[in-house]
Amino acid sequence: MELQEQVSSIILQPESEILEYKAVLPPSKSIAQIICSFANTNGGLLILGVSEIGGLKASGLSEDFRATSITHKAIDLLSPRPVADYGYVEYNSKKLFAIRVEKSPVVISLEGKIFERRGDKVVQTNPTNNIFQAGGYDKISAINAILESLKSSTTGSKLRLLEHYQSVLKMIDNLKPLLYPENPSKFTTIKEGKVLSRILFSSVVDNFETYLSDILFEIYLAKPDTLKSEQMVKVEDVLNCSDIQDFITFWAKQKIGKLQKGSVKGFIADNKQIKDLNAINKSVQDDIERILQIRHLYSHRNGIVDDKFLKYFPVGYSYGTEHQMSIEEVLDKIEYLAGIIHKIDDAVIFKYNLSTL
């Protein structure tokens, strides 16, 4: 059966094991997960450009970005490559994009992860093992449970952040002799432990920034008109990108510049897509800026307090002294940043109708 004919025969039926809709164009990795799940179950059809808000309807898919190229990238991420047919189709004068996947005789994986269909849901069948050591610090497993609970109806950007935070928890659990040999609330006195603690905390904050860059990418991809601005772009930068998806990735990373310099307020002011969500109030912005300053101190000053740091922390610290965080404080920051991301993610999904996993 031709792709156009198959879409016409099944469109607007409820989502199922063999049928899924997305209103907008998801990132290539999200598409790869869906293709992988179809291939590992009974095959299926993904139709882009169908909205589920207020009932199923064909809303159409913007042609500003090339769905064919992004789908090709998605398939390239899979091993081995599944059999799939894809292209633009029409329904009620609306242009849609459909991807038909054949059932695979062998297991298909995405970066070592295996996905299958459970009804209309994509499920990973070989989830990362996050079992912690017996008798370990119970706060680690408690925060891990919170992170796991936040994985429902999430963007790909948020899921990657949560999985990274869970890997940090696992490292903290495994490195107890170095990171908190006496008590999680006490600073380690072991030199290697101090270095590792700074690296782990910096990684937590770096991935918070990565999430914001990634979610901008998802917004740009789903809503091409939000990419338009009066900001100048160098022709060289455009030519250095292999395609529009690479340019969007580049542009989203450029937007994160002010945040990396410790100005979350400047980042929000410069990015209407985040500002209009009203998901981060002034108090939270101030908290994030202080967290960014600690990361900056750890990354660039080996934790030695400088004048810039004292502007954000005028009380309790002295110039030239070593700043340290207990593992308990690091865990608190993981939980706090994950909560902020959860709030942003929910707001983004609602406002821009982003695809969820």
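## A hairpin to start from

Let's begin at a turn: strands E6 and E7 form a hairpin with two residues between them, and asparagine 92 in that turn has a positive phi of about 50 degrees. Please keep in mind that this is a predicted model. The two arms of the hairpin run antiparallel, and eight bridges join E6 to E7. One of the pairings links alanine 84 to its bridge partner in E7, valine 101.

E7 is also mostly covered, with six of its eight residues buried.

## The sheet around the hairpin

The hairpin belongs to an open sheet of four strands, ordered E1-E2-E7-E6, with mixed pairing. At the edges are strand E1 (19–22) and strand E6 (84–91), each of which pairs on one side only. From one strand to the next, the twist averages 20 degrees.

On the other side of E7 from the hairpin partner comes E2, as the strand order shows. Strand E2 (residues 44–48) and strand E7 (residues 94–101) pair in the antiparallel sense over five bridges. Leucine 46 has isoleucine 99 as its bridge partner in E7, and leucine 48 has phenylalanine 97. The mixed character of the sheet shows up at E1 and E2, which pair in the parallel sense over four bridges. There, the bridge partner of leucine 19 in E2 is leucine 45.

## Strand E2 and its two faces

How many of the five residues of E2 are buried? Five of the five are, so E2 is largely enclosed by the rest of the structure. Here is a useful reminder for reading such a strand: in a regular strand the side chains alternate between the two faces of the sheet. In E2, Gly44, Leu46 and Leu48 lie on one side, while Leu45 and Ile47 lie on the other. Residues on both sides are buried, and both faces of E2 are covered.

## Helices against the strands

Two helices are worth viewing together with the sheet. Helix H1 (residues 3–10) packs on the sheet and touches E1, E2, E6 and E7. The direction of H1 makes about 60 degrees with that of E6.

Helix H3 (residues 67–76) lies across E6 and E7. Relative to E6, helix H3 runs at about 155 degrees.

## Aromatic pairs

The structure holds seven aromatic pairs. One of them brings together tyrosine 88 and phenylalanine 97, with 5.0 Å centre to centre and 75 degrees between the planes, an edge-to-face arrangement. Which residues form one aromatic cluster with Phe97? They are Tyr86 and Tyr88. Phenylalanine 97 is buried, with a relative accessible area of 0%, whereas tyrosine 88 is partly exposed at 29%. Phenylalanine 97 is also the residue that serves as the bridge partner of leucine 48.

Why does the pair of phenylalanine 309 and tyrosine 317 count as edge-to-face? The ring planes lie at 85 degrees, and planes over 60 degrees apart count as edge-to-face. The ring centres of phenylalanine 309 and tyrosine 317 are 5.4 Å apart. In this pair, phenylalanine 309 is buried, with a relative accessible area of 1%, while tyrosine 317 is partly exposed, with 33%.

## Lysine 351 in helix H15

Now for a residue late in the chain. Lysine 351 is found in helix H15 (residues 327–352). The lysine lies over the face of tyrosine 352, at 5.8 Å from the ring centre. Is lysine 351 buried or partly exposed? With a relative accessible area of 43%, lysine 351 is above the 20% that bounds buried residues and not over the 50% that marks exposed ones, so it is partly exposed.

Leaving aside residues up to four places away in sequence, lysine 351 touches Asp276 and Leu277. The C-alpha atoms of lysine 351 and isoleucine 219 are separated by 9.8 Å, although these residues are 132 residues apart along the chain.

## The chain as a whole

Stepping back, the chain contains 15 helices and ten strands. Of its 357 residues, 48% are buried. Among contacts between residues at least 6 apart in sequence, 70% join residues at least 24 apart.

The chain exposes about 17000 Å². Carbon and sulfur atoms supply 51% of that area.

Terms used
Residues are numbered from 1 along each chain as its sequence is written. This is a predicted model: local features need pLDDT of at least 70, side-chain atom pairs count only at pLDDT 80 or more; totals for chains, interfaces and linings use all residues. Side-chain values use heavy atoms; hydrogens and water are left out. Two strands pair if DSSP finds at least two bridges between them. Axes are lines fitted to C-alpha atoms, for helices over the stretch in contact, and angles run from 0 to 180 degrees between N-to-C directions. Contact means heavy atoms within 4.5 Å. Rings of Phe, Tyr and Trp (its six-membered ring) pair if their centres lie within 6.5 Å; planes under 30 degrees apart count as stacked, over 60 as edge-to-face and the rest as tilted. Buried means under 20% relative accessible area, exposed over 50%, partly exposed in between (1.4 Å probe, protein chains only). A charge sits over a ring if NZ of Lys or CZ of Arg is within 6 Å of the ring centre and within 35 degrees of the ring normal. Accessible areas come from the Shrake-Rupley method with a 1.4 Å probe; for residues, only the protein chains shown count as cover.
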